[in-house]
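Me: Please pick one part of this model and go through it closely. I'd like a connected account rather than a list.

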Amino acid sequence: RAGNSADALHVLNAALALLERTNERWFECELYVLKASLTARRSHRQRHLRRAFHAATERESPSLRLRSANALSLLLRDQGQTDEAKHLVGSAYATFNEGFQTADLTEARALLAQP
């Protein structure tokens, strides 16, 4: 947010390297979502967001899975891949049975409601 993207990417890469060394993967999803937000190339953003979604799925974390699905679906939608975008968000959204007023679930509902 302060405009130091290069420094932020350096810190994220260091955190991901530490994650690999320690195999402590709880924040892996969030690190990849953050890295995607700092990456200029669309193909790299998509790769980071897919890794985030995969990591959240492996951790069996519905909230992180939904958050990464929301971010990835925006990118996919902008690329004209609305069916895949809605499928990702819909599959993540369907696992919830409460908390529908939270920001991530509200965003998912809005994404699913778009044509």
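**Around the largest cavity**

Reply: Helix α5 gives the largest share of the lining of the largest cavity, four residues. (Helices here are DSSP runs of H or I, at least four residues, numbered from the N terminus.) Before going further, keep in mind that this is a predicted model, where local features need pLDDT of at least 70 and side-chain atom pairs count only at pLDDT 80 or more, while totals for chains, interfaces and linings use all residues. Residues are numbered from 1 along each chain as its sequence is written, and side-chain values use heavy atoms, with hydrogens and water left out.

Back to the hole itself. A cavity is a set of points on a 1 Å grid over the protein atoms alone where a 1.4 Å probe fits but cannot get out, and its lining residues have an atom within 4 Å of a point. The count comes to one cavity of 30 Å³ or more. The volume of the largest cavity is about 90 Å³, taken as the space filled by probe spheres set on grid points that are joined across faces, edges and corners.

As for what surrounds that space, α4, α5 (82-93) and α6 (103-113) each supply at least two lining residues. By name, the lining is made up of Ser-73, Leu-74, Arg-77, Thr-82, Ala-85, Lys-86, Val-89, Leu-111, Leu-112, Gln-114 and Pro-115. Sorted by type, that's six nonpolar, three polar and two charged. (Ala, Val, Leu, Ile, Met, Phe, Trp, Tyr, Cys and Pro count as nonpolar, Asp, Glu, Lys and Arg as charged, and the others, Gly among them, as polar.)

Take Ser-73 from that lining. Ser-73 sits in α4, which runs over residues 62-78. With a relative accessibility of 3%, Ser-73 counts as buried; the cut-offs are under 20% relative accessible area for buried, over 50% for exposed and partly exposed in between, with a 1.4 Å probe and protein chains only. Setting aside residues up to four places away in sequence, Ser-73 touches Ala-85, Val-89 and Leu-111, where contact means heavy atoms within 4.5 Å. Ala-85, Val-89 and Leu-111 are themselves among the residues lining the cavity.

Val-89 leads on to Ala-108, over in α6. Ala-108 is buried because its relative accessible area is 0%. Beyond its neighbours within four places in sequence, Ala-108 has contacts with Leu-66, Asn-70, Val-89 and Tyr-93. Measure from Ala-108 to Lys-86, another lining residue, and you get 9.1 Å between C-alpha atoms, with their positions 22 residues apart in sequence.

Follow the Ala-108 contacts to Tyr-93 and you reach the aromatics. Rings of Phe, Tyr and Trp (its six-membered ring) pair if their centres lie within 6.5 Å, with planes under 30 degrees apart called stacked, over 60 edge-to-face and the rest tilted. The model has one aromatic pair by that rule. The partners are Tyr-93 and Phe-100, tilted, with centres 5.7 Å apart and 50° between the planes. Tyr-93 is buried at 18% relative accessibility, whereas Phe-100 is partly exposed at 30%. Still in α5, there's Ser-91, partly exposed at 24%. Its C-alpha is 11 Å from that of Thr-57, 34 residues away along the chain.

Leu-66, another Ala-108 contact, takes us to the nonpolar core. Such a core is a set of buried Ala, Val, Leu, Ile, Met, Phe, Trp, Tyr and Cys residues joined through side-chain atoms within 4.5 Å. The largest one has 28 residues, and Cys-29, Leu-49, Leu-66, Ala-69 and Leu-88 have the most contacts inside it. Elements giving two or more residues to this core are α1, α2, α3, α4, α5 and α6. The top contributor to this core is α4, with six residues.

From that list, Leu-49 contacts Val-33, Ala-36, Ser-68, Ala-71, Leu-72 and Leu-75, neighbours within four places in sequence left aside. Val-33 and Ala-36 belong to the buried residues of α2, as do Glu-28, Cys-29, Leu-31, Tyr-32 and Lys-35. Those buried α2 residues pack against α1, α3 and α4.

One last stop, at the α4 end of things: Glu-60 is in the loop between α3 (42-58) and α4. Glu-60 is exposed at 70% relative accessibility, and although not a glycine, Glu-60 has a positive phi of about 55°. For context, most residues other than glycine have a negative phi.

Definitions and conventions:
On a 1 Å grid over the protein atoms alone, a cavity is a set of points where a 1.4 Å probe fits but cannot get out, and a pocket is an open set with protein on both sides within 12 Å along at least five of seven lines; lining residues have an atom within 4 Å of a point.
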